[in-house]
Amino acid sequence: MTDPFANGDFTIGPDYAPASETVVKPGVPAGKVHAFVMESRDSRIYPGIKRLENEVTRRRDAHGNRIAAAEPEQSVAGPYSRTVWVYVPEQYQAGTKAPFIVAQDGYLYLNRLPRVLDNLIAQGRVPAMVAIMVDNGGGDAQGSERGLEYDTLSGRYSDFIETEVLPRVAAETGVTLTDDPNARAVMGVSSGAACAFTMAWYHPERYRRVLSYSGTYVNQQSPVNPETPRGAWEYHATLLPAAERKPLRLWLEVGDNDLHPDDPEETWHNWPLANRRMAAVLAAKGYPYRFTLSQGGRHADPRVLDQTLPGALEWLWRD
């Protein structure tokens, strides 16, 4: 039997079944989910953009990948509203500093993460943590608000969470959130996963635990940044290999049938290859990591998420 707490590379599938911790169990204390809305007009960091649809933004390279343009060419100002859901476990004691996890694309987890945490917390397998599920600002990929937030390599999104989202969470729920980076985690799927890694990479003094599904460690950054010309592909190609090891712990997954699995390396847009490269460089640098290759797994495959999420969270918080 595979050690569920071991580091390294593992393969699962091709058959999948939801973990038992994904269902409501009688007698298990249920946490409460709060919700509030954030408007773009109130944000200093993300006042809102939307992608233009024109000849410039429709350009594709020889492999069909969208070509990022300069920001004025591909985007215009555009308002958004985003919902933030906050799960507070029944076991939380008012006035204490709560561990927490921030999940990008929050709506994906609304009907998963609270149930899983109810069960794991009740069994003592993870701490009594708060889950902050944050929706993106809309759209997708180059030129969009979601693309700007998630695919950009910088500390900007982490600053947004730290200075605008977390204070609202505390005000809306009355919860005191910890400032201990070892008790703060981030997670996401696709570009939300790359964003989660970016939050920890640029601010390890804030976050040190990363959970990544179908991570977009490919060339999708927009607008173009000459310091990281291949976007998140640079993580495994240049940034991780060149940097001293940071105090991060990472769980990551990709399906062998994820996006663009047959694209050549020079496209910088092959999801399975990018994630395998991430695992290889994490191993070479001595990071505590666990990489899961899902046989037959698709991009952001809900079958994989439902089977692995409880174990992934337990591994992430094992130490």
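What percentage of the 319 residues in the chain is made up of buried residues? In this predicted model, buried residues account for 55% of the chain. The legends below describe the overall fold and then a series of close-up views.

**Figure 1. Overall fold of the predicted chain.** The chain comprises eight helices and 13 strands. Along the principal axes, the C-alpha trace extends over about 60 × 50 × 35 Å. The radius of gyration is 19 Å, which agrees with the value near 20 Å for a compact globule of 319 residues. Of the contacts between residues at least 6 apart in sequence, 79% link residues at least 24 apart.

**Figure 2. The cis peptide bond between Gly13 and Pro14.** The bond that runs from Gly13 to Pro14 is cis, and its omega is near 10 degrees. Pro14 belongs to the loop that connects β1 (8-12) with β2 (32-39). Strand β1 also appears in Figure 6, as one of the elements that give two or more residues to the lining of the largest pocket.

**Figure 3. The cis peptide bond between Ser222 and Pro223.** Ser222 and Pro223 are joined by a peptide bond in the cis form, with omega at about 0 degrees. The loop that holds Pro223 lies between strand β11 (209-213) and helix α6 (233-242). Strand β11 is also the place of Arg209, the subject of Figure 5.

**Figure 4. Positive phi values at Asp105 and Ser190.** Asp105 is not a glycine, yet its phi is positive, at about 55 degrees. Asp105 sits in the loop between β7 (100-104) and α2 (113-122). With a relative accessibility of 1%, Asp105 is classed as buried, because the cut-off for that class is under 20%. Ser190, likewise a residue other than glycine, has a positive phi near 60 degrees. The loop that contains Ser190 lies between β10 (184-189) and α5 (191-202). The relative accessible area of Ser190 is 11%, so this residue also counts as buried.

**Figure 5. Surroundings of Arg209 in strand β11.** Arg209 has a relative accessible area of 7% and is therefore buried. The side chain of Arg209 makes a polar contact of 2.6 Å with the side chain of Asp319. Apart from residues up to four places away in sequence, Arg209 touches Asn182, Arg184, Ala185, Val186, Arg249, Leu316, Trp317 and Asp319.

**Figure 6. The largest pocket and its lining.** The volume of the largest pocket is about 440 Å³. Its lining consists of 16 residues, and those nearest the centre of the pocket are Thr2, Pro4, Ile12, Arg290 and Gly311. Two or more lining residues are contributed by each of β1, β13 (289-294) and α8 (302-316). Helix α8 supplies the largest share, five residues. By residue class, the lining of the largest pocket contains seven nonpolar, six polar and three charged residues.

**Figure 7. Contacts of Ser144 ahead of helix α3.** Ser144 is placed in the loop between β8 (130-134) and α3 (145-151). The relative accessibility of Ser144 is 4%, so the residue counts as buried. The side chain of Ser144 reaches two backbone nitrogens: a polar atom of the side chain lies 3.2 Å from that of Asp140, and that of Gly147 is reached at 2.8 Å. Neighbours within four places in sequence being left aside, Ser144 is in contact with Ile49, Arg51, Gly138 and Gly139. Between Ser144 and Thr216 the C-alpha to C-alpha distance is 16 Å, at a separation of 72 residues in sequence.

**Figure 8. The largest cavity and its lining.** The structure contains one cavity of 30 Å³ or more. The volume of the largest cavity is about 40 Å³. The residues that line the largest cavity are Thr22, Asn111, Arg112, Arg115, Val116, Leu305, Asp306 and Leu309. Helices α2 and α8 are the elements that give two or more residues to this lining. The largest share, three residues, comes from α8. Three of the lining residues are nonpolar, two are polar and three are charged. Helix α8 also provides the largest share of the lining of the largest pocket, shown in Figure 6.

Definitions and conventions: Residues numbered from 1 in each chain as written. Predicted model: local features only at pLDDT ≥ 70, side-chain atom pairs only at ≥ 80, totals over all residues. Heavy atoms only, no water. Helix = DSSP H or I, 4+ residues; strand = E, 2+ residues; numbered from the N terminus. Buried < 20%, exposed > 50% of the residue type's maximum accessible area, 1.4 Å probe, protein only. 1 Å grid on protein atoms, 1.4 Å probe; cavity = no way out; pocket = protein on both sides within 12 Å on 5 of 7 lines; lining within 4 Å. Points joined across faces, edges and corners; volume = space filled by probe spheres on them. Nonpolar A, V, L, I, M, F, W, Y, C, P; charged D, E, K, R; others polar. Polar contact = N/O pair within 3.5 Å; in protein donor to acceptor, adjacent residues only side chain to side chain. Contact = heavy atoms within 4.5 Å. Rg over C-alpha atoms; globule rule 2.2 N^0.38 Å.
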